[in-house]
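Dear colleague,

I am passing on a structure to you with this email, and below it you will find a short account of what turned up. Please keep the structure open while you read, so that you can look up each residue as it is named.

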Amino acid sequence: MTTFTVNGQKKTLDVPSEMPLLWVLRDILNLTGTKYGCGVGVCGACSVLVDNSIAVRSCLATCADMEGKNIVTIEGLSSDNSHPLQKAWMELDVPQCGYCQAGQIMNAAALLINNPKPTDEDINESMKDDVCRCGTYQRIREAIHQAAGN
Amino acid sequence: MNTMKNKSITEIQTPTRRSFLIGIATTGVGIVLSSLTAKSEVLNMIPEQTAQSFEPTLWVKIDPDGTTTITVARSEMGQGVRTSLSMIVAEEMDADWSKVKIRQSRPDFTGIGAQFTGGSSSVTGSYNNLRKAGATVRAMLISAAAKKWGITEANCIASKGVISEKNGSRKITYGELTDDASKITVPTNPSLKNVADYKLIGTPQPHVDNPDIVSGKAKYGLDVRVPGMKYAVMVRMIAFGASIKSFDATETLKIPGVLKAENVSGVGLVVLADNTYSALAGRDALKIEWNMGNNTTLSSASISDRLRAGIGSVADVPSNSTQKIEAHYELPYLAHATMEPMNCVADVRDTSAEIWCPSQGGDSTRSGVANAIGLPANSIIVNTTLIGGGFGRRLSMEYASFAARISKAFKVPVLFMFSRQDDMRGDYYRPASYHVCKGGLDANGKVTGWVHKSVNGGAQNPPYQLPSPNSSATTVNFPIPTGAWRSVEHTSAVFVNECFIDELAFAAGKDPFEFRRDMLPAGRFRTVLEKAAELAEWKKPLPKGWGRGIACTNAYSAVAHVVEVSVSEQGILKVERVVAVVDCGIAINPMGVEAQMQGAAVDAMSTALKSEITIENGQVKQSTFRDYEWLRMNEMPKIEVHIMASTQSPSGMGEAGFPSMSPALLNAIFNATGKRIRTLPVQRTSLSAVENSEITTHGEINVFPNPFHSSFKIDGKLSNSQSGEISISIQNLLGSTLLETQGLLGNEGNFLQEINFSPASAGVYFLTVKNGKSAIMRKIVKE
């Protein structure tokens, strides 16, 4: 049994302890906003926010790793798309196919928590491990700056 | 998930309208206005039709509250068609854009138009029909208002979903007119707006799906959940042409959640489970004995040899040419590597089936599934989901048939998916190609002859005025599936043409921009080229180590790119500036056009510089984004997109931004370094001006072996070193750090360490060993 909080709701799960958080979220809890991209931690599409401080690749974190943790997925970032990143993402039309964007947004959310006024260099450092196959990086960068009020 | 039936809505079909529907169905237009109050009329007027059966023919539906639903036939994979196509309809009908909703068409929605989504044809192929559809609705609403008010139609003005009386104060919304409008005879030839009067087309509009995407609500194929659904993966072949001799599923079936591990006819060995994790773990636990097949000696090297041998005879340029130039180019296989791997949900019953599939054509998906499971197509509903990247991959829909066969065999709804590795090794690849080019110049530097012959690539005459250009292509067959990849044959044909024309310009001693311009007739294409040169300040001197390159294409739309790069002494490349100019006719949604130009440029830079699919022992070597590297945030230059103002009919944008970007980049690298890179990706070649680019600043280092395959040793000495540790890092061509580790430093500043760098793709890298202010950088080559 593993217990953690997802988007403010406490969940107790009877799944194999080594099951990656990604599949717990998607297949057990039906939170499909968190995406599968590579399964080996190299694309970032599955990123979620843990303990309101770091972005974690849910394909590498196991269910057991999450014991007692507070997880926020894209579905829990806001109830009405009011998070500054969501607003900037929509306004600047960041998504193309949109598949990687939940991971991009959750990584950007972690960045802004730790560094509310990031520079281009800070954005590069935090976002360089997140693949966008459509190539939306330029607008992601602009949207992070806009959300940060830069 | 249910099929999207909204039973609260009924439609009125007058006999006129019905004949209109049928008559115009071949051009892909159908129109129905809805009303909540007239269900009986529907049944009376067309007794053989029920309201429900007519609902799927909707292009446009207006509800009494003004909500306007527009049905879009083409698949949305990031190119923005759900937005741009509905903008065309909304423009002509003067709809209130804020009240427009989009509905995805299905193969059983007759009269809505083909769902094939490829060849950058969505907007170009639908523009006229969608305008007519919108104009028809608008004309009917205006007629209805005029009739209601007892005035002429000319005295009614439509704007943003409201009709108002000219010289009067009466106003009525479209929603309030649905009953009246549905009694109006459908006009056969409604007048279209003047392009100059467009209010919505030409304005930047964010994608209609953005709110769902940023909240996690958007449903891609992998997100579909059907009651009772199970999860399935298949065993991919270990090499092209391999087969399974035997397998043992004992350990697989012990894994919690695994339900079955069986052969499924027409698919292969399938693991079925309660969730994705169990399915993947179950597959990993299979013990398989392989029959390796006949292709185990196939490799990128043997493919290259056979491509070169396959070129055959190549024509010559005229013998009286003052200069004859010849160059050979080689391009690798490319995977599509869409972010969302191939997948499909299938629920196959005895006499019917429902499919949810991210594909570039619901109608082809349906016929493929029908063949696979032996049911008539009209008993199969295919829902096209949002698509996590297409780029041509999803024009091949074998994964839909696999899902359907699995659902049929196991009598359960299934979500069938490829893992990332399955996807990368089970693609329909952009083919590897080899090209021979010959060019002749006269004493004045004018082109006297042009020959381009390719093996497995595109070869088409460039758009310049050339004397008897001779382009031809031949093929050599390999057991590697190939398919359409964003801009298809232009990925190689335009690349080679635009690099080689640059070689001719250089040989002629001409400016590469002027050389091109002088061979183009006045018109749209030359204007685009000139605009790119102007915006990029083509003649402005650049700092030392910088270079500027230009290229253009008229594939899909008229496009020109100017790229500026800098190359350090060690050979580290930085793309400093990209200017992209496009004339795509009228830009329906400039925000989308700009996005396509930016995205295609990222594809072009990624594939020109870093990515390739290689073959070893008859199998694709790459498995994920670590060894098939796409451009990353820290490598992303700003791309300045300029869209030419135009009132002409729109031309395609999904692929137009790709073909000229990579040659402009390679031409810029030549301008900076004097090196003509003719084999992609660039990463395989050192850009350093110093041949043995050992930039030893503080000490000495030995790297062995170098070149290496997966790991190497370093042995050296750092001068002026301080504490007992060294930091070791490896950078790629673009200076991005791919590996960082620590090592021990001996008393005398000596170090000895083995470094594993197996996951990276082949190419030139830069190793840095550092301690305090002492550092050594060394070029290393991974094979």
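**A helix and its surroundings**

Just after helix α5 of chain A comes A:G149, which has a positive phi, near 75°. Please bear in mind throughout that this is a predicted model.

The helix itself, residues 137-147 of chain A, is largely enclosed by the rest of the structure, because nine of its 11 residues are buried. Among these buried residues are A:Y137, A:I140, A:I144 and A:A147. They are covered in part by α2 (84-91), α3 (101-114) and α4 (120-127) of chain A, and the cover also includes α17 (590-609) and β27 (639-643) of chain B.

**Aromatic rings**

Over all chains, the search finds 14 aromatic pairs. One of them is the tilted pair of A:W23 and A:Y36, whose centres are 5.2 Å apart and whose planes are at 40°. This pair links distant parts of the chain, since A:W23 belongs to helix α1 (residues 21-28) of chain A while A:Y36 lies in the loop between α1 and β3 (47-50), 13 residues apart. Are these two residues buried or exposed? A:W23 has a relative accessible area of 6% and A:Y36 one of 3%, and because buried means under 20%, both count as buried.

In chain B, B:F416 and B:F418 form an edge-to-face pair, 5.8 Å centre to centre with 85° between the planes, and B:F708, B:F712, B:F757 and B:Y765 form one aromatic cluster.

**Charges over rings**

A:R133 lies over the face of B:F391, 3.8 Å from the ring centre, and the charged end of B:R676 sits over the ring of B:F670, at 3.6 Å from its centre.

With best wishes

Technical notes: Residues are numbered from 1 along each chain as its sequence is written. Chains are lettered from A and ligands numbered from 1 in the order in which they are written. This is a predicted model: local features need pLDDT of at least 70, side-chain atom pairs count only at pLDDT 80 or more; totals for chains, interfaces and linings use all residues. Side-chain values use heavy atoms; hydrogens and water are left out. Buried means under 20% relative accessible area, exposed over 50%, partly exposed in between (1.4 Å probe, protein chains only). Helices (H or I, at least four residues) and strands (E, at least two) are DSSP runs, numbered from the N terminus. Contact means heavy atoms within 4.5 Å. Rings of Phe, Tyr and Trp (its six-membered ring) pair if their centres lie within 6.5 Å; planes under 30 degrees apart count as stacked, over 60 as edge-to-face and the rest as tilted. A charge sits over a ring if NZ of Lys or CZ of Arg is within 6 Å of the ring centre and within 35 degrees of the ring normal.
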